[in-house]
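Welcome! Here are some short exercises to work through with the model open beside you. Try each task before reading its solution.

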Amino acid sequence: MAEFPPIFPGAPSARPALVGVVHLPPLPGSPRYPVATGGVETAGGFDRFVLEPALADARALREGGADAVIVENFGDVPFFADRAPSETVAAMAVAARAVREACGLPLGVNVLRNDADAALSVAAAAGASFIRVNVLAGAMVTDQGLVQGRAAEVLRKRRALGLDAVHIWADVLVKHASPLVARPLEEDLHELLDRSLADAVIVTGAGTGRATDADLVAEVRRLSHGAPVLIGSGVNEQTANGYGAQGLIVGTWLKRQGQLAEPVDPGRVRRLRDRL
């Protein structure tokens, strides 16, 4: 298991790394991607509707002092359970590389809902440093139905692409989901870290922007035997220093007035960074 966080050279070990989220707008092919009557793309197309807001958010995260960014196809609801279509993967590769070049920060990729194969492909094309996998081990009941871990495929894909340096951050008890069968947390973490070879564990609240339980984080840290632990939802100025985690993945709170639909506010990024 890799040391953490080697991909964040600017983040002192004395504080958690701040990972800002770039929520991509709806991508081509998804229900909310803007098209004119008859399917003809509206003026400006992909550059206007996807790249411009994504790059603005990435630059705001850099300006505010984030240590890394993670790109995800948040606007593509409803999500496929485990295999995103080719047009989504292509669009994410273009957007992710543009984000990395615009902000110069270490880049992560999350292809929702759980396409780790696609995330690795995007990482290869975009020069990403890590991917997030919502369900790497076990099975979770979600709004997409049953989502199952495919660790054997993911790890072999990473090796085949020569991406061993790309870290796999995996959720335990991921948000917007319930376990198919409840098991002791210690068993879940053993499966995730020792049998599925995750490089880091992400702990979240029940949904996007929902607070992560500090007691759960403490238990995950105790049972992870030194593996890196990150917080994946609900971080704000009041909670940022209360988890003792190695990293914070923050999306909603960093946006203007903390509203999910707004652009990233560099001032809020700076305020949160200063609390760490």
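## Exercise 1: A small sheet

Strand S5 (residues 139-142) pairs with S6 in the antiparallel sense, over four bridges. Keep in mind that this is a predicted model.

**Task.** Find the bridge partner of Ala139 in S6, then work out which strands stand at the edges of the sheet.

**Solution.**
- Step 1. Start at Ala139 and look across to S6: the bridge partner there is Gln148.
- Step 2. Now take in the whole sheet, which is open, has three strands in the order S6-S5-S8, and pairs them in the antiparallel way.
- Step 3. Strand S6 (145-148) and strand S8 (177-179) each have a single partner strand, so they stand at the edges, and one side of each has no neighbour in the sheet.
- Step 4. To finish, look at the twist: ignoring direction, neighbouring strands of this sheet are turned by 35 degrees against each other on average.

## Exercise 2: H2 against H3

**Task.** Describe how the axes of helix H2 and helix H3 cross, and sort the residues of their contact into nonpolar, polar and charged.

**Solution.**
- Step 1. The axes of H2 (residues 86-103) and H3 (residues 116-126) come within 9 Å and cross at roughly 45 degrees.
- Step 2. This angle makes H2 oblique to H3, and the crossing is right-handed.
- Step 3. On the H2 side, look for Val89, Met92, Ala93, Ala96, Arg97 and Arg100; they meet Ala118, Val122, Ala125 and Ala126 of H3.
- Step 4. Sorting the residues of this contact gives eight nonpolar, no polar and two charged.

## Exercise 3: H5 against H6

**Task.** Do the same for helix H5 and helix H6: how do their axes cross, and which residues make the contact?

**Solution.**
- Step 1. The axes of H5 (residues 185-195) and H6 (residues 214-223) come within 10 Å, crossing at roughly 55 degrees.
- Step 2. H5 is therefore oblique to H6, and H5 passes H6 in a right-handed crossing.
- Step 3. H5 contributes Leu185, Glu186 and Leu189, while H6 contributes Leu216, Glu219, Val220 and Leu223.
- Step 4. The contact of H5 with H6 divides into five nonpolar, no polar and two charged residues.

## Exercise 4: Around Phe80

**Task.** Locate Phe80 and list the residues it touches, leaving out those up to four places away in sequence.

**Solution.**
- Step 1. Go to the loop between strand S2 (68-72) and H2, where Phe80 lies.
- Step 2. With those sequence neighbours left out, Phe80 touches Pro85, Leu112, Arg113, Asn114 and Gln144.
- Step 3. Pick out Gln144: Phe80 and Gln144 are 64 residues apart in sequence, and 6.6 Å apart in space from C-alpha to C-alpha.

Note on methods: Residues are numbered from 1 along each chain as its sequence is written. This is a predicted model: local features need pLDDT of at least 70, side-chain atom pairs count only at pLDDT 80 or more; totals for chains, interfaces and linings use all residues. Side-chain values use heavy atoms; hydrogens and water are left out. Axes are lines fitted to C-alpha atoms, for helices over the stretch in contact, and angles run from 0 to 180 degrees between N-to-C directions. Helices (H or I, at least four residues) and strands (E, at least two) are DSSP runs, numbered from the N terminus. Angles under 35 degrees count as roughly parallel, over 145 as roughly antiparallel, 65 to 115 as roughly perpendicular and the rest as oblique. A crossing is left-handed if the near helix is turned anticlockwise from the far one by less than a right angle, and right-handed if clockwise. Contact means heavy atoms within 4.5 Å. Ala, Val, Leu, Ile, Met, Phe, Trp, Tyr, Cys and Pro count as nonpolar, Asp, Glu, Lys and Arg as charged, and the others, Gly among them, as polar. Two strands pair if DSSP finds at least two bridges between them.
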